[in-house]
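Reader: I am new to this structure. Please take one part and look at it closely, then show me what lies around it.

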Protein chains: 2
Amino acid sequence: MSDVATEAAAVAPRTHTTPRLAVIDRDRGFLQVLNNRLSARGWEHRMLSSPVRAEALVAMRLNALVLDLAVAGPDGWEYLERVCSRLPTLAVIVCTAPSSVSQRVRGLRLGADAWLSKPCHPEELIAVVEAAMRRHRRREMPELSAGITAGEITIRPDLYQAFAADESLELTPREFELLRLLASSDRVLRREEIYERVWGYAMVHGDRSVDVFVRKLRQKLRAASPEWSYIHTHFGIGYRFEPTSQGAGDGLAAELEPEPVFAG
Amino acid sequence: MSDVATEAAAVAPRTHTTPRLAVIDRDRGFLQVLNNRLSARGWEHRMLSSPVRAEALVAMRLNALVLDLAVAGPDGWEYLERVCSRLPTLAVIVCTAPSSVSQRVRGLRLGADAWLSKPCHPEELIAVVEAAMRRHRRREMPELSAGITAGEITIRPDLYQAFAADESLELTPREFELLRLLASSDRVLRREEIYERVWGYAMVHGDRSVDVFVRKLRQKLRAASPEWSYIHTHFGIGYRFEPTSQGAGDGLAAELEPEPVFAG
DNA sequence: ATTTCGTGTGAACAAGTTGTGACCGGACTC
DNA sequence: GAGTCCGGTCACAACTTGTTCACACGAAAT
């Protein structure tokens with residue numbers, strides 16, 4: 001049970017329809033009841049009897065985590081904080097023994113989304129988890145498989161690949177996710193945001209992964225569509241996607257109104 | 001720079017928009033206490049003694065709503081549902097008299113983000129509201145990324161850039177943050193305050209950074225929009241933003257919106 | 001008028017940011 | 001077990017930005 005055997009599925013498909021949650025608790029009866037309800041509901045769930053490292057939680061690609069602070073012992077607060085800061089998009093629900101106001105406030109301030117006192121009704125816990133996940137879900141890509149065409153390239157989410165003139169760019173999963181994110185946003189994306197949405201957890205300061213993958217992407221884009229540039233750097237901020245053809249005028253204007261030009 | 005352990009303070013996101021919330025309740029004492037705490041915290045808030053139409057809530061441009069279901073009477077559930085579906089980006093916290101599990105579950109299912117039982121500690125309520133907003137704010141509000149237009153220039157937060165006649169001013173990140181701060185405050189800002197909000201930490205006495213950046217800003221503004229002056233010096237105090245056209249009268253009028261009044 | 005202090009300005013300097021190629025280790029394939 | 005693919009780290013160079021400094025200018029104070 002405590003084993004963190006994580007099947008390494010494809011990288012962050014992010015289109016999951018069934019919620020995936022983990023419960024860190026030791027109350028056998030509670031876990032049993034909860035297990036039944038969750039199974040009946042078709043949620044993917046996993047019961048853990050002790051805290052697991054934040055990295056392991058990342059690998060599980062959870063939507064929500066239910067945590068009994070008592071299980072983590074005196075380091076519970078620290079653990080809570082670490083998990084919340086490392087996985088900003090994870091819904092964290094603390095479900096623990098009766099507590100004081102200041103304890104609850106502290107937990108919420110550290111990043112928990114909700115605090116429930118035991119004993120609690122499993123249906124209420126599930127409703128709270130649903131409420132916490134509801135918003136997070138909204139940010140999953142709305143368009144499921146609609147292809148995006150920009151400049152000379154076409155992005156096909158259903159094939160997990162991008163094409164230029166019907167020729168695949170041979171993007172790796174990460175490269176593809178990065179390209180899809182950039183192409184579906186018409187604004188500057190900060191590195192932290194990119195990392196969080198492609199990698200699925202918080203970027204540590206100084207990580208250059210985004211830069212490196214942008215370079216790899218640009219390389220493949222350039223090879224497939226040399227006349228265009230797609231990914232623009234905003235110094236000190238991040239990157240922005242905008243197909244710009246080399247030969248003609250700079251595509252800077254395309255962002256705002258394409259105002260009519262008159263000779264005069 | 002002196003860099004006294006400013007580790008995490010690297011160009012802070014500074015999306016520090018003050019929360020705006022409304023409370024629908026009739027408990028005078030509760031409202032009074034809450035009012036004090038919210039004022040101390042600098043939140044914009046408004047106390048309402050009866051439900052208002054969803055349209056009115058939209059106009060208030062709230063981040064969060066605290067609702068006592070009892071105030072809405074027997075139609076409370078319907079009201080809750082209508083508000084939640086009409087304003088999906090609004091954080092809704094139900095704070096009401098003791099209730100049954102099924103009631104709480106029902107409220108959460110209808111779209112509430114949290115359910116608190118009265119009597120509750122105001123700090124806990126605030127923490128719950130914060131937690132709910134934290135999750136919501138991730139999905140950025142459309143109006144937040146809307147640009148500011150002043151005089152001949154347009155400030156586009158989504159592009160981290162300002163434009164004059166669709167031409168970028170080529171502002172650096174700091175210059176942009178400074179301009180955005182000035183332009184979104186229609187009053188004189190002291191240097192210390194500017195420094196604190198743009199740089200993210202306290203200004204040491206005698207630091208001229210703000211002056212230098214104001215100069216750089218003025219230079220770029222002048223190059224892009226020579227007929228106007230935007231940043232005005234208040235000797236011995238600080239700076240104030242106000243677009244003023246050179247030739248004609250001062251453009252004082254165009255600015256003020258008749259938006260609803262909030263305490264704060 | 002003269003002094004003092006706060007502000008505007010340009011340039012030199014320091015610090016931070018990004019592009020890039022090389023390299024490393026784990027997972028998978030043959 | 002060797003080869004390959006992929007994600008990730010590192011170090012370096014080129015570049016941009018941020019900070020500091022000295023001095024000029026102008027407003028307030030004496």
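Author: Start with a right-handed β-α-β unit in chain B: strand S3 (residues 64–67), then helix H3 (residues 76–86), then strand S4. Right-handed means that, with the strands pointing away from the viewer, the path from the first strand over the helix to the second runs clockwise. Helices (H or I, at least four residues) and strands (E, at least two) are DSSP runs, numbered from the N terminus. This is a predicted model: local features need pLDDT of at least 70, side-chain atom pairs count only at pLDDT 80 or more, and totals for chains, interfaces and linings use all residues. Residues are numbered from 1 along each chain as its sequence is written, while chains are lettered from A and ligands numbered from 1 in the order in which they are written.

Now S4(B) itself. It spans residues 91–96, and six of its six residues are buried. Buried means 20 or more other C-beta atoms within 10 Å of a residue's own; exposed means 12 or fewer, and partly exposed lies in between, with C-beta atoms placed from the backbone. In a regular strand the side chains alternate between the two faces of the sheet. How are the faces of S4(B) covered? On one side B:Ala91, B:Ile93 and B:Cys95 are buried. On the other, B:Val92, B:Val94 and B:Thr96 are buried too.

S4(B) has partners. Strands pair if DSSP finds at least two bridges between them. S3(B) and S4(B) run parallel, with four bridges. There, B:Ala64 has B:Ala91 as its bridge partner. S4(B) also runs parallel to strand S5 (residues 114–117) of chain B, again over four bridges. B:Val94 is matched with B:Trp115 in S5(B). Helix H4(B) links this pair: S4(B), H4(B) and S5(B) form a right-handed β-α-β unit.

Go back to S3(B). It is joined by four parallel bridges to strand S1(B). Here B:Ala22 finds its bridge partner in B:Leu65. S1(B) covers residues 20–24, and four of those five are buried, so the rest of the structure largely encloses it. Five bridges connect S1(B) with strand S2 (residues 44–48) of chain B, in parallel. B:Val23 faces B:Met47 across that pair. The path from S1(B) to S2(B) passes through helix H1 (residues 28–41) of chain B, a right-handed β-α-β crossover.

Next, the meeting of the two chains. Residues are in contact if their C-beta atoms, placed from the backbone, lie within 7 Å. Chain B gives 27 residues to the contact and chain A gives 28. On the chain B side, helix H4 (101–110) and helix H5 (122–138) each supply at least two residues. H5(B) gives the most, nine residues. By class, the chain B side holds 13 nonpolar, three polar and eleven charged residues. Nonpolar covers Ala, Val, Leu, Ile, Met, Phe, Trp, Tyr, Cys and Pro; charged covers Asp, Glu, Lys and Arg; the others, Gly among them, are polar.

Now chain A. It has eight helices and twelve strands. Of its 264 residues, 30% are buried. An automatic or database assignment sets domain bounds. Domain 1 of chain A runs over 8–139 and domain 2 over 148–255. Their centres, taken over C-alpha atoms, are 34 Å apart. Ten residues of domain 1 and seven of domain 2 take part in the contact between them. On the domain 1 side, six are nonpolar, two polar and two charged.

Chain A also has antiparallel sheets. One is open, with four strands in the order S6-S7-S8-S9. Its edges are S6 (148–150) and S9 (167–168), each pairing on one side only. S6(A) is tied to S7 (residues 153–156) of chain A by three antiparallel bridges, and A:Ile148 stands opposite A:Ile155. Another open sheet has the order S10-S12-S11.

Last, the DNA. Near here means that a residue's C-beta atom, placed from the backbone, lies within 6 Å. DNA strand D has 23 residues around it, and A:Thr172, A:Pro173, A:Arg174, B:Thr172 and B:Arg174 come nearest. Helices H6 (173–183) and H8 (209–224), in chain A and in chain B, each supply at least two residues of this surface. Nine of the surface residues are nonpolar, six polar and eight charged.

Note on methods: Two residues are in contact if their C-beta atoms, placed from the backbone, lie within 7 Å.
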